[in-house]
Amino acid sequence: MNLPKFGRNAEVRSASFDEADNTIEVIWTTGAAVRRWSWRSERYYSEVLEVTPQAIRLDRLNAGAPFLDTHDDWSLRSVIGSVVPGSAKIEGGKGYARVKLSRASEDTAIVDKIKDGIIRNISVGYAIHKVVKTDTDGDGTDEEWRVVDWEPLEISAVPVPADAGSQIRKDEQKLIPCEFVGEQATGRNEARRIRMAMRHRQSVA
């Protein structure tokens, strides 16, 4: 199944600002369970991110993934920093990274607010590649989706923390293949119904 990019709350640690190299530390995941909506079953479920080195693809972050203004990945003007290459790591069930902030004059107002702790909220955008689904009672009302293979794509400064159950949506949204384990294959008619429901929800969102 193809899925959009997802978003979760994260934390910028303003006290960690390093004046010498113009960097700041962020915690980009804690893996806490969040409530989400399934387009396939039209039910809510609990999504749990597995926060281990084996489950998270850190290549993009450690190659210098962008630090964006509110998830705007359409314009170079929205890049207000980047992850310091090699700084992303997993420790104690949390994901950490250092972000180098822009020194460009046009970014000064935003960067100064981050340094001063006025902008405290950030959000991580990520792709899901593999999910293990469990349903204790078999009735679909208490499903847990354990994400065992996922990939942070970017980190963003945001004015209000992204809703924990949010999907990061665009007018022309790129969908990412995801493998589901523990779920029966969907028939053609059901797949057609799901696609129609997704298009309808996107049109009214």
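**View 1. Glu91 and its salt-bridge partner Lys89 in the predicted model.** Glu91 is partly exposed, with a relative accessible area of 44%, and in this predicted model its side chain forms a salt bridge with Lys89, the closest N and O atoms lying 3.5 Å apart. Lys89 likewise counts as partly exposed, at 35% relative accessibility.

**View 2. The salt bridge between Lys133 and Glu143.** The side chains of Lys133 and Glu143 meet in a salt bridge, with a distance of 3.9 Å from N to O. Lys133 lies in strand β10 and Glu143 in strand β11, so the pair ties together parts that are 10 residues apart in sequence. Both Lys133 and Glu143 are buried. Elsewhere, Arg8, Arg36 and Glu47 are joined into one network by salt bridges that share partners.

**View 3. Arg57 and Asp149, one of the 8 salt bridges that the structure holds.** Arg57 forms a salt bridge with Asp149, and the closest N and O atoms of this pair are 2.7 Å apart. Because Arg57 lies in the loop between β5 and α1 (59–62) whereas Asp149 belongs to strand β11, the pair ties together parts that are 92 residues apart in sequence. Arg57 is partly exposed, with a relative accessible area of 37%, while Asp149, at 17% relative accessibility, counts as buried. Side chains of opposite charge can pair when their charged atoms come close.

**View 4. The largest nonpolar core, with the surroundings of Ile114.** This core has 38 residues, and those with the most contacts inside it are Trp28, Phe67, Ile114 and Ile155. At least two core residues are supplied by each of β2 (5–18), β3 (23–29), β5 (43–49), β7 (79–83), β9 (94–101), α2 (108–115), β10 (121–135) and β11 (143–157). Leaving aside neighbours within four places in sequence, Ile114 is in contact with Val12, Ser14, Ile24, Phe67, Ile80, Leu101, Ile119 and Ala157. In soluble globular proteins, nonpolar side chains tend to be buried together.

**View 5. Two stretches in which pLDDT is below 50, residues 168–172 and residues 201–205.** The mean pLDDT of the protein chain is 82, and 77% of its residues reach 70 or more. Over residues 168–172, however, pLDDT stays under 50, and the model has 16 contacts for this stretch beyond four places in sequence. Residues 201–205 also have pLDDT below 50, and this second stretch has 7 contacts in the model beyond near neighbours in sequence. Where pLDDT is low, the predicted coordinates should not be read in detail.

Notes: Residues are numbered from 1 along each chain as its sequence is written. This is a predicted model: local features need pLDDT of at least 70, side-chain atom pairs count only at pLDDT 80 or more; totals for chains, interfaces and linings use all residues. Side-chain values use heavy atoms; hydrogens and water are left out. A nonpolar core is a set of buried Ala, Val, Leu, Ile, Met, Phe, Trp, Tyr and Cys residues joined through side-chain atoms within 4.5 Å. Buried means under 20% relative accessible area, exposed over 50%, partly exposed in between (1.4 Å probe, protein chains only). Helices (H or I, at least four residues) and strands (E, at least two) are DSSP runs, numbered from the N terminus. Contact means heavy atoms within 4.5 Å. A salt bridge is a side-chain nitrogen of Lys or Arg within 4 Å of a carboxyl oxygen of Asp or Glu. pLDDT is the predictor's confidence in each residue, from 0 to 100.
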